[in-house]
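Reader: I have a model in front of me and would like to understand what stands behind the terms used for it. Could you take me through them one by one?

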There are 2 protein chains.
Amino acid sequence: MPTKKKQSLKQALVEQAFSVIEEKGVEHLSLREVARRLGVSHQAPYKHFPSRDHILAAVVARCFAEFAQHLSSRPSCNDPFDDLHKMGLAYLEFAQKFPLQYRLMFNTALPDGTAHPEMLAQAQFAFSILHDKLGEMTLKDPDHPIRDPVKHDAIYIWSALHGLASLMQSDVTSTLGLSNDEKAVAVERLMRRMSLSIAP
Amino acid sequence: MPTKKKQSLKQALVEQAFSVIEEKGVEHLSLREVARRLGVSHQAPYKHFPSRDHILAAVVARCFAEFAQHLSSRPSCNDPFDDLHKMGLAYLEFAQKFPLQYRLMFNTALPDGTAHPEMLAQAQFAFSILHDKLGEMTLKDPDHPIRDPVKHDAIYIWSALHGLASLMQSDVTSTLGLSNDEKAVAVERLMRRMSLSIAP
DNA sequence: CTCAGAAAGTAGACGCTGTCAACTAGATGA
DNA sequence: TCATCTAGTTGACAGCGTCTACTTTCTGAG
């Protein structure tokens, strides 16, 4: 199995890179460390990725893929408003359950995004899920009083969700002395306001 | 002037560090580069900061101070709702005008926040401005129908603002093909919704 | 089957980095 | 005056990303 073994190191590199990030933080990700853990030479990774940034981009792309799957894994019922509410909760749940992945997606500054097309594609796909769900809503209700394009609603919702998710996992919460209960209240309030803003 | 000269290098280090970050990105900030630019030896910075992270924390603290000043520089009128609206715009304006500073404040992962008390204090002060403004609002209107503590409103508002600011300066906007006009519309919509949520 | 060539992996080197240790010159203060 | 503290210097060390050159292994056309 040549192709299988060929790809196996590439995949193993991405997985080990994530493990290293998990243990030491993204800024201490070292290709040599990854290679050492996999028992290969320090140059082996360069046969599969042109640079350290490209491995990092692959890790981020995998996070986006997991994120998209998490968002769309919820069963969709006939009520698109309920669907959207569930998707919002799923969004926040992902950020809470997988804070590292979330930070990697939205906090990682790759020098040039266009240099990592796979990562970009995964990110676009993840956003399309939210966008499409909003599209369903307005389609199912032709008299929906939203005048601006769906895109702007998507932006608003994504903004609110992302802002809350970021805040909840930053040090700010401990700085403000927020208990878990208060966090839950904040989530519930935000979701309610979001629904009110979108609902007819 | 011993004390003056003593402090001058410390201050110069922080300024030059910011310049380096500006040019090369925060992950390429190098103490040796900073020292080189200031014409001192590569060990001189260590007489003023214990490590690279501590210089970075000082840079971030300065960003928080500038941010707080920007937020509170707006003249406050007698209408606290109008004040809040202006402060929200000021928030977004800062993020747009000084994206690097904004990212440094909210995207920089320092290993241990408690190790940098000055930075933490600046961050808390910045948030207190928003919090106090909300406090004014509820105080001036005793019948204000907000049942939950001010803190939760502050969290909601900060979430929405931070989310939008982050989104606006990420690559997502170009990915979605957002024009500047559409960005402005998104800002206006968010501000309107925010006001509606808070207003009685 | 053979064998040229591509692909995967190894080894060594270079310049860069953060940081530790040891040293020097100058200011401070009892 | 002289011991001490402070700011700054030089030198060293290990680790890093990445370039070049080498070997091994696999592949696919003749």
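**The interface and the core**

Author: In this predicted model, the rule finds 1 residue pair in polar contact across the interface of chain B and chain A, with both residues at pLDDT 80 or more. The elements that give two or more residues to the side of chain B that touches chain A are α5 (99–107), α6 (117–140), α7 (150–169), α8 (172–175) and α9 (180–198) of chain B. Of these, α7(B) gives the most, with 14 residues.

Reader: What makes a residue part of the contact, and how many residues does each chain give?

Author: A residue counts because its heavy atoms lie within 4.5 Å of the other chain, and by that rule the contact takes 36 residues from chain B and 37 residues from chain A. On the side of chain B that touches chain A, the residues divide into 17 nonpolar, 11 polar and 8 charged.

Reader: How many salt bridges does the rule find across the interface of chain B and chain A?

Author: The rule finds 0 there; a pair would need a side-chain nitrogen of Lys or Arg within 4 Å of a carboxyl oxygen of Asp or Glu, so no such pair across the interface meets that cut-off.

Reader: What is the area buried between chain B and chain A?

Author: The buried area is about 3,300 Å², and carbon and sulfur atoms give 61% of it.

Reader: Which residues have the most contacts inside the largest nonpolar core?

Author: They are Tyr91(A), Ile157(A), Tyr91(B) and Ile157(B), in a core of 122 residues. To this core α7(B) gives the most, with 12 residues. Leaving aside residues up to four places away in sequence, Tyr91(A) touches several residues, including Phe67(A), Trp158(A) and His162(A).

Notes. Residues numbered from 1 in each chain as written. Chains lettered and ligands numbered in written order. Predicted model: local features only at pLDDT ≥ 70, side-chain atom pairs only at ≥ 80, totals over all residues. Heavy atoms only, no water. Buried area = accessible area lost by both parts, 1.4 Å probe. Polar contact = N/O pair within 3.5 Å; in protein donor to acceptor, adjacent residues only side chain to side chain. Helix = DSSP H or I, 4+ residues; strand = E, 2+ residues; numbered from the N terminus. Nonpolar A, V, L, I, M, F, W, Y, C, P; charged D, E, K, R; others polar. Core = buried A, V, L, I, M, F, W, Y, C linked by side-chain atoms within 4.5 Å. Buried < 20%, exposed > 50% of the residue type's maximum accessible area, 1.4 Å probe, protein only.
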